[in-house]
Amino acid sequence: MKAITLLGSTGSIGTQTLDIVTQYPDQFRIVGLAAGNNVEMLASQIRQFRPEIAAICSKEKFSALKEAIQDLDPQPILLAGEAGVIEVARYGDAETVVTGIVGCAGLLPTIAAIEAGKDIALANKETLIAGGPVVLPLVEKHGVKLLPADSEHSAIFQCLQGVPKNGLRRILLTASGGAFRDWEPEKLAQATVADALKHPNWSMGRKITIDSATLMNKGLEVIEAHFLFGLDYEKIEIVIHPQSIIHSLIELQDTSVLAQLGWPDMRLPLLYALSWPDRIFTDWEQLDLVKAGNLTFREPDHNKYPCMKLAYAVGKSGGSMPAVLNAANEEAVALFLAEKIRFLDIPRCIERVCDRHQNDNRPNPSLDDILAADQWARQEVLQARESLGVRC
C-alpha cells in the first residue's frame, strides 16, 4: 500500500485523487492533506481518510477547522498558513506527494517534499515553469522521481516508456482549443467570464479553464515539457485536437509516432503517476473508437491565441522570465475573473510585464530570485493595466 500526501485536496485535482484512493483502498492510503480555505470539504476529507496531519492555508479558517473535527479520536496534527502546508508536504512516511495546489503557491511545498526525499506526482505545472532551474537540480540531488500527473505530459511520459535514450525527436502537445476554439477572432472582444468558463471537453478549476480559453495553458505546457523531457523549444509543437481523445504524441528519431489515447478523464494520468511503473485494473469506461468517431486536427491560430507565441519567446529567454510570465498570467486571469479587465486584455497585460522584465532577467536564478520575480510581476500587472488604459 502506497502512502500519499495530497496538496490542494479540495480542488479538482485533489478531489479526483481522493476518488482514486476511495476506489482502491488496498493500494493507497492518505498520510497528509492540505487545502486552501474550504473548511467544510477539508473537514469531511479528514473524517473520511483520517490523515496523520492536515493544514489549511487560510489562517483565518484554522479555528473553524479545529471546531469541525473536534470530536475525532485520534486527532490529526492540525496546522495553518503557508508554513503549515510546507510541513504537511515534508511530513512522515508518505512516499509520493501529489501537488494539486494551483499556481506558484505550490512551488515551496513541492521543494520541501523533494528535500524530504519524496516522489512528486506533479499536477502543478507552475513548479517547473517558474522554478525549473531550481527544482530540477534538487530532484537530481535527492534522487526522487518527478512523475507528470496532468493529461498531456502523462501522455508523453507513457509513450516514452521503453524508448531508448536519445530516441525522442519531437513532442506534439494536443490542445482542445478551449471555450473559443470555434469563435471568430473578432468576436473575442465581447467574450465574458461565463463564455470563457464553458470548456467543451474537460471539467477543471476556473483558473486553468481560462488558461485553456487563451491557450496560455498550452504555452505553459511547452515550457514544462522542455524541463521535463529536455527537448529544445523548436522540437515541441502544439496542434489543436478538438475531441481531446489523443492526449499528446511523440515522434521518434525514425519518424515513428506514438500517441496515448483515452476519454477526457483526469483520473487516468493521476492514477498512472501514483501507480507507476505498474498498471492497475480499473472499471472505468473503455475507449470505443467507433463511439469517439472522427479525430481531427488543425494548426493553432497565433493571431487568435497570442499567449502561445509569448510563452515560446519567454521559454527561450529562460532565467527568471518564465516565473514572470506565470505570475503575470495568474494575476491577469484573476482580474478577468473578477471582471476588472476584458478577455483580450489578458495577453496585453502579460506581454507588457514580460517586456519590462527583459533587462532584469536573471540567467541562472536562485530560489530567492524566482520568488522576487514572481512578486514583482504580480504588482506590475496592476501597473500594466493602468498603463494600457484598461477599463471594464
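User: In strand 11, which residue is the bridge partner of isoleucine 246?
Analyst: This is a predicted model. Strand 10 covers residues 246–252, and 5 bridges join it to strand 11. The two strands run antiparallel. In strand 11, isoleucine 246 finds its bridge partner in leucine 261.

User: Which strands stand at the edges of the open sheet with the order 9-8-10-11?
Analyst: That sheet has 4 strands, and its pairing is mixed. An edge strand has a single partner strand, so one of its sides is left without a neighbour in the sheet. Two strands fit: strand 9 (236–240) and strand 11 (257–261).

User: By how many degrees are neighbouring strands of the sheet 9-8-10-11 turned against each other on average?
Analyst: The sheet is open and holds 4 strands. Direction is ignored for this value. The average turn between neighbouring strands is 20 degrees.

User: At about what angle does helix 7 run to strand 10?
Analyst: Helix 7 spans residues 151–160. It lies across strand 8 (168–175), strand 10 and strand 11. Its angle to strand 10 is about 40 degrees.

User: And what is the angle of helix 10 to strand 8?
Analyst: Helix 10 spans residues 216–229. It lies across strand 8 and strand 9. Its angle to strand 8 is about 155 degrees.

User: How many residues of helix 7 are buried?
Analyst: Helix 7 is mostly covered. Its buried residues include Ser151, Glu152, His153 and Phe157. They pack against strand 7 (146–148), strand 8, helix 10, strand 10, strand 11 and helix 11. The count of buried residues is 10 of 10.

User: Which residue just after helix 7 takes a positive phi?
Analyst: Helix 7 covers residues 151–160. The phi in question is about 90 degrees. The residue is glycine 162.

User: In the sheet 4-3-2-1-5-6-7, which are the edge strands?
Analyst: This open sheet has 7 strands, and its pairing is parallel. The twist averages 20 degrees from one strand to the next. An edge strand here pairs on one side only. That describes strand 4 (77–80) and strand 7.

User: Which residue in strand 3 is the bridge partner of leucine 33?
Analyst: Strand 2 (residues 28–35) pairs with strand 3 (residues 53–56). They run in the parallel sense over 4 bridges. Leucine 33 is matched in strand 3 by alanine 54.

User: Why is helix 5 described as largely enclosed by the rest of the structure?
Analyst: Helix 5 covers residues 107–115. Its buried residues, among them Leu107, Pro109 and Ile111, pack against elements including strand 1 (2–7), helix 4 (81–90) and helix 16 (367–387). The helix is largely enclosed because the number of buried residues is 7 of the 9.

User: Is asparagine 329 buried or exposed?
Analyst: Asparagine 329 is found in helix 14 (residues 321–337). It touches Lys207, Asp211, Met216, Leu220, Ile346 and Ile350, leaving aside residues up to four places away in sequence. Its relative accessibility is 0%, so asparagine 329 counts as buried.

User: Which helix gives the largest share of the lining of the second largest pocket?
Analyst: This pocket holds about 460 Å³ of space. Its lining has 18 residues, and those nearest the centre are Leu268, Thr282, Trp284, Glu285 and Gln286. The lining divides into 9 nonpolar, 4 polar and 5 charged residues. The largest share, 5 residues, comes from helix 11 (residues 267–275).

Note on methods
Residues numbered from 1 in each chain as written. Predicted model: local features only at pLDDT ≥ 70, side-chain atom pairs only at ≥ 80, totals over all residues. Heavy atoms only, no water. 1 Å grid on protein atoms, 1.4 Å probe; cavity = no way out; pocket = protein on both sides within 12 Å on 5 of 7 lines; lining within 4 Å. Points joined across faces, edges and corners; volume = space filled by probe spheres on them. Nonpolar A, V, L, I, M, F, W, Y, C, P; charged D, E, K, R; others polar. Buried < 20%, exposed > 50% of the residue type's maximum accessible area, 1.4 Å probe, protein only. Contact = heavy atoms within 4.5 Å. Pairing = 2+ DSSP bridges. Axes fitted to C-alpha atoms, helices over the stretch in contact; angles between N-to-C directions.
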